[in-house]
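Q: Got a minute to go over some backbone geometry with me? I'll throw quick questions at you.

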Amino acid sequence: MKFKINNRFRAVLGCLLAVGLLFSTPSFAFQQDSLAQDTAVSATADTVDEGEADTAATGVVADTTAAEGEAATATTTTSSSSSSSSTVVDEGPQIDPQVYKNMTYYILLFLIVCTVVAVVGKVLAIYELTRKMNGKYNPFANNTFQSVLLVIFLVAFLGFVYYGYAVWGDWAWRSAVTEHGERIDTMFIITTVIITIVLVLVHILLLTFPYIYRMRKGTKAYYYPHNDTIEKIWTIVPAVVLTVLVLFGFFTWRSITNVPEDLQKSAIQVEVLGEQFQWQIRYPGADGVIGKRNYKMTTPMNSYGIDFNDKHAWDDIQASDIVIPVNKSVRFHIISKDIIHSFYIPDFRVQINAVPGMTNYFQFTPTMTTEDMREKMNDPKYDFVMLCNKICGSGHYNMQKKVVVVTEEEYKEWLSTQNKYFTEDLQKEFAAVDSGDSKEFTTASLN
Amino acid sequence: MSSTVISHGAAHHDAHDHHQETFLTKYIFSQDHKMIAKQFLITGIVMAVFAMLLSILFRIQLAWPDTDFPILEVFLGKWAEGGRMKPEFFLSLVTIHGTMMVFFVLTAGLSGTFSNLLIPYQLGARDMASPLMNMLSYWFFFTACVIMVASFFVESGPASAGWTIYPPLSSVPTSIPGSGLGMTLWLISMTLFIASQVLGGVNYISTVLNMRTKGMDLWKMPLTIWAFFLTAIVGLLSFPVLVSAVVLLFFDRSVGTSFYLSDLVVQGEILPNEGGSPILFQHLFWFLGHPEVYIVVMPALGLTSEIISTNSRKPIFGYHAMVYSLVGITVLSFIVWGHHMFVTGMNPFLGGVFMITTLIIAVPSAVKAFNYIATLWRGNIRFTPAMMFAIGMVSFFVSGGLTGLYLGNAALDINLHDTYFVVAHFHLVMGSASIFGMLAGVYHWYPKMFGRMMDTKLGYLHFWLTFIGAYLVFFPMHFMGIDGVPRRYYTFTAFPFMDKWISVNLLITWSAIVAGLAQVAFLWNFFASIWKGKKATQNPWNSNTLEWTTPVEHIHGNWPGEIPTVYRWPYDYSKPGHDTDFIPQTVPFSETMSSNLPHDFEGNEEAIRIQNEWNKENNREVIEG
């Protein structure tokens, strides 16, 4: 019964391969190059080795090897043909037939892999059967094999974790360049040390116990349903460690988010407005107060929606980048025009969402200028960047703003060169609205 | 009391023997818990494959952002014109992948399958408390799946606001095309899904509370049942909150209310909505959303407990601690949702409070992990494919759970929120861990479901490729997150600092493709074994629980005669003094005089007296007390 089904499966597979061969002939004829030939030959050699192990499947394997050659050719031609096919697509909705062909090759390639797996499986089954017939079969052989694999996995896993920390960790890690960020970093490192120890220890136990206590002939498990003392220990120890982390984290969090009122007022104020898919920056101007914004006053010219009835708004400054002085506390007011965005500066350890209908604040003090950072990174083009970190639509992946940290003199000089929001055109528009349509405006806002 | 239960059961059984079962009542509108379990499982697998293909698609985009794949145009049409995926469609893929995996695969596919299969079996019940509700539960779920898949055939595309569907992005169609009809379908699908979950949850809870067989008190239930029971409670209390969130969102979208909307100028158009708050939606969503991750992981933990104990031939270590930690997780899961909102503008003091509750929930989780390891210690471990997956599950649960200590910490979350670190964290701790728990369950209970065995070699192949693949996919993502790479980015080419991660993306995508193809080994194994697998014996794993006392052939009412009586807890493996290394729950203590321990009698003096007499006669140590 089983044999029959197997045969039918092979027959179907053989047919599929034959169809694949038929497809491939024309392209095979004129797209042959030396490189393709090389790979084809080596692939053929590989499969022949594996194929010879199973004499029962010789017929299929012969097909297999031939088709793999084809498929390997197809793989190499894909890259060359894709560029030409894209130009074809530009001209019209027609899709290059080669595309379908390539797809067929990939599917065939996968089927071949499946066949190889099936053949190897069969060989193993036959091997087991002969062992059983000779009376040498060890029913625990596989058990031992799997437990050994788990130990090998453990070694590979620990190596992988080490590689990750050493290489990717090095790529990822840049020390914070803000005052609060340094505290976050300390906590980050402490947490990392703790969890790495736990991760490694737990995995060593989890993956060596299976090897040590694998089922063998005559082994028996130790009936050990519970031990209250041990359980108490491993409840209390994590609880204590977590309490320490919680307290540390809680006070850090409070110190970041709970800024005393006098410090809030003495800081430089900057407003950042997120919209699809850009950021706008507003500095308060000479009076140090950011003017009011009323989204209902948004016009094509006044896209920010600044309410110029508030005189504080008259001297507000428009900036193309976020420029802030080093070692000065800056208080960001984060707002949104349309949907939720997120104001995120990884280097500063700063993030807060921009939510329509409310203002969020984040106050921090940068400790390093862009120039110093470039020197430190040894990268003359390095820039701090603020990016959107809350899904906001098709342009989400490219919603950024440069952040420049400068010395205080440079900051003042830069600020004096920036334009005001309340341009002459806007003044005219405002005057017209103010005199004529102000009534209409109030009724509109009631709706 | 007990006699009435049995006679009722027997009568019920006889009455139903005369039913003519048609194809329709047996396979389609079945009210039999075993058939419904299979329906849930197969639908779940189909959804998992679909959602996995979506993930492969967006992984291809991330690995080769500058390459055209003309074949994509064949399948995706205008969403991949010229062979390059559109950003909107990328977001749709991410959204639907998340929704399907979390809700359809890991919620319905996991607890739907195994609660239905195991609750009646392991408790000794003839069927669920309400078979009709059980059937409805499946069909609501199925309809939800169909609607969700159907949203791919809508012109404006499927929902694309992320699986968390935060308004206003999800409520203003001008902000993203997916928030048109696609989003409406998402909301309808989700409402049906929640109806399914509530019907299922009520059923599970009432079955566990009312239909246990004689002798099966709560402390004799297997940990699987405890996990399903507590999961059902969490689901029943939290899913309705998502209904309210979804219905209000539906009103905002279709009726013109302003529950979540205020002060919007979208694409230059001033919207009339005023007075709502997007934060409100986030609270409502995460009030479900966080318990949801425990809904996903607790059944996996339950299945893993059972499988590890059975295959270690050793009682689960600290049964009571395991139950109490599940109860602890259940209770705490309702008061931690705010940790998803540390930087959304929620009052920062509230953030601090949520941070404390969040880190407390790590304690019961840690206890569980340590107890698993203690169960392995000095066991007699048998590596069935199910056991391999169970060990993998513990590994993922630990690796993923540990990074929760960063994200649960509000101060550290500032820099990690919504980055790839989060993606890595939850894919390990709730994605991979739960999938592994589910797969372990499939391999372990397959003989019970289909009466045949799965092929073990393919099982090992499947395990190793998936286990290694999952680590290769998700582990590097931690570092991208630490560097500040946000999730849901269509391409990494817009920022110089992300350039270095493109090589890592290649590794991740190739690993994902290989791991994805490895699932073919599972699918082949699963579906082919239904007809061609080796015939299963009644108790292939030498397990103690009740489901293995039923005949291999499925019969209506599960047990041909009386429902068996339960005398002991389900973890009497390798008890010293007994001749086999397992004692099923149905074996009374009078038949195991040589292995009884003083603890077994729970203070029953008559039983202790009899045992002592026997002990004296047979030169065994006399029990004190």
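What follows is a short chat about helix packing and unusual backbone angles.

A: Sure, but this is a predicted model, where local features need pLDDT of at least 70, side-chain atom pairs count only at pLDDT 80 or more, and totals for chains, interfaces and linings use all residues. Residues are numbered from 1 along each chain as its sequence is written, and chains are lettered from A and ligands numbered from 1 in the order in which they are written.

Q: At what angle do helix 7 and helix 8 of chain B cross?
A: Roughly 150°, and the axes of helix 7 (residues 181-210) and helix 8 (residues 223-254) of chain B come within 8 Å. That makes the two helices of chain B roughly antiparallel (over 145 degrees).

Q: What residue classes are in that contact between helix 7 and helix 8 of chain B?
A: The contact has 22 nonpolar, four polar and one charged residues.

Q: New topic: which peptide bond is cis going into Pro168(B)?
A: The one from Pro167(B), with omega near 5°. Pro168(B) sits in the loop between helix 6 (131-150) and helix 7 of chain B.

Q: And what's omega for Gln276(A) to Phe277(A)?
A: Near -10°, so that bond is cis, although most peptide bonds are trans.

Q: What about phi at Arg313(B)?
A: Positive, about 50°, and Arg313(B) is not a glycine.

Q: Is Arg313(B) buried or exposed?
A: Buried, with 22 other C-beta atoms within 10 Å. The cut-offs are 20 or more for buried, 12 or fewer for exposed, and partly exposed in between, with C-beta atoms placed from the backbone.

Conventions: Axes are lines fitted to C-alpha atoms, for helices over the stretch in contact, and angles run from 0 to 180 degrees between N-to-C directions. Helices (H or I, at least four residues) and strands (E, at least two) are DSSP runs, numbered from the N terminus. Angles under 35 degrees count as roughly parallel, over 145 as roughly antiparallel, 65 to 115 as roughly perpendicular and the rest as oblique. Ala, Val, Leu, Ile, Met, Phe, Trp, Tyr, Cys and Pro count as nonpolar, Asp, Glu, Lys and Arg as charged, and the others, Gly among them, as polar.
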